[in-house]
Amino acid sequence: MLEKQKIRHDWTREEADILYNQPFNDLLFQAHSVHRQYFDPNQVQRSKLLSIKTGGCAEDCSYCSQSARNGAKLPASKLMEVEEVLEKAKKAKAEGATRYCMGAAWRSPKDRDMETLEAMVRGVKELGMETCMTLGMLDDEQTGRLKEAGLDYYNHNIDTSERYYSKIITTRTFTDRLETLERVREAGIKVCAGGIIGMGEEQMDRVDMLLALANLKEHPESVPINLLIPIVKTPLADMKKLDPIEFVRTIALARVLMPKSHVRLSAGRTEMSDEMQAMCFFAGANSIFVGDTLLTADNPEEDKDAKLFNRLGIDAMAAHSHGNR
Ligand code: SAM
Ligand code: DTB
Ligand code: SF4
């Protein structure tokens, strides 16, 4: 058995490069060993997403179906009613999700929406689920109000490396993203932060993205790794597919750099074989989104995931579990 992997915040690019580029079997062995040191390797946490406000977003994220600046032109909806959110959350709970993740296509929330958002957080918490929101950038007051309402997690992704970032988004900066993450952390809300790979970035961008997360003062409790879902009429619609081995290496590196975090095998699972997903779980992924829709894009059906978990002997993780074996 390898020595227990320490929790570090001072990883160097050189160390991370060596880890990422070692022979695949060595990397998988190392990542899986670290995974076992902190988690039950046969348990996977399940979150359910809901888009509470869809489309018409002012930002220009080039991967996104919801940007008003992209050609996808998804019709813009209003903020959903609290009752409807709670109905859907109840259903998600009955289907085994332990965390309910509410996303809005905003640059940042408007103050007039805060009361509704707070009611959503309180209602979902009363159902006994963990709450998560992803609403864009937050200011201090909004962060405080969400914390006060009982929000457990805030999702805000850095998306890619600082170097590649401006190729993907121009309407807000990498530093803006870090500032929101800092604010969320300071307010005592748990952090969910990850990114997307397969956007035409280089290997060093994948490594640097993970380094930026691992060298935060505290590791995000959840690290979603999304595989780009190419959306028609967006600038990334025709992106060449990422080599699946590169994807698995990225999961494995996330696990080694951030041993206690839940690493989420996030968007893009409909395009992954069962074998590739199994390899990701071996490499340290221990969280997924369940249900047949993410925010706007498809996700594997509940049945398909249940069958895969059954074949792999994977169980659902209880709410509030942490990496601390
Ligand atoms: N508007 C908010 C924001 O961007 O902060 C919240 C919702 S946004 C859709 C949440 C995250 O989903 C993005 O940061 C990105 O990492 C991921 N995402 C969006 N579209 C995606 C796609 N087509 N493929 C993979 N991941 C995607
Ligand atoms: C995250 O990292 N992935 C989720 C969640 N956080 C909000 C979103 C995935 C979106 C996939 C594209 C869509 O459904 O439109
Ligand atoms: Fe808007 Fe979020 Fe999509 Fe960017 S990722 S366009 S901020 S909904």
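Student: Arg99 and Glu130 are listed as a pair here; what makes this a salt bridge?

Tutor: In this predicted model, the closest N and O atoms of Arg99 and Glu130 are 3.1 Å apart. A salt bridge needs a side-chain nitrogen of Lys or Arg within 4 Å of a carboxyl oxygen of Asp or Glu. The pair is therefore called a salt bridge, as 3.1 Å falls within 4 Å.

Student: Where do Arg99 and Glu130 sit along the chain?

Tutor: Arg99 belongs to strand 2 (residues 99-104) and Glu130 to strand 3 (residues 130-134). The two are 31 residues apart, so the pair links distant parts of the chain.

Student: Why can such side chains pair at all?

Tutor: Because side chains of opposite charge can pair when their charged atoms come close.

Student: How many salt bridges does the structure hold?

Tutor: The count is 24.

Student: On to the ligands. What makes the approach of Asp159 to ligand 1 a polar contact?

Tutor: A polar side-chain atom of Asp159 is 2.7 Å from an oxygen atom of ligand 1. The cut-off for a pair of N or O atoms is 3.5 Å, so this one qualifies. Nitrogen atoms of ligand 1 pass the test too: one is 3.0 Å from a polar backbone atom of Ile229, and one is 3.2 Å from a polar backbone atom of Tyr63.

Student: How much of ligand 1 does the protein cover?

Tutor: On its own, ligand 1 has 560 Å² of accessible area, and the protein covers 90% of that.

Student: Which residues come closest to ligand 1?

Tutor: Of 17 surrounding residues, the closest are Ala104, Thr134, Asn157, Asp159 and Ile229. By class, that shell has ten nonpolar, five polar and two charged residues.

Student: And ligand 2: which contacts count as polar there?

Tutor: One is with Asn226, where a side-chain N or O atom is 2.8 Å from an oxygen atom of ligand 2. Leu295 offers a backbone N or O atom at 2.9 Å from a ligand oxygen, and a polar backbone atom of Ala297 is also 2.9 Å from an oxygen of ligand 2. These contacts count because the limit is 3.5 Å. The protein covers 87% of the 400 Å² that ligand 2 has accessible on its own.

Student: What classes of residue make up the shell around ligand 2?

Tutor: Six are nonpolar, seven are polar and none is charged.

Student: Which residues surround ligand 3?

Tutor: Among them are Cys57, Cys61 and Cys64, along with Glu59 and Arg172. Its shell divides into six nonpolar, one polar and two charged residues.

Student: How do you know that ligand 3 sits in the largest cavity?

Tutor: The test asks that more than half of a molecule's atoms lie within 2 Å of the cavity's grid points. Ligand 3 is placed in the largest cavity, so it meets that test. Ligand 2 sits in the largest cavity as well, and the space taken by ligand 1 is the largest cavity.

Conventions:
Residues numbered from 1 in each chain as written. Chains lettered and ligands numbered in written order. Predicted model: local features only at pLDDT ≥ 70, side-chain atom pairs only at ≥ 80, totals over all residues. Heavy atoms only, no water. Polar contact = N/O pair within 3.5 Å; in protein donor to acceptor, adjacent residues only side chain to side chain. Areas by Shrake-Rupley, 256 points an atom, 1.4 Å probe, with all protein chains shown as cover. 1 Å grid on protein atoms, 1.4 Å probe; cavity = no way out; pocket = protein on both sides within 12 Å on 5 of 7 lines; lining within 4 Å. Nonpolar A, V, L, I, M, F, W, Y, C, P; charged D, E, K, R; others polar. Helix = DSSP H or I, 4+ residues; strand = E, 2+ residues; numbered from the N terminus. Near = heavy atom within 4 Å.
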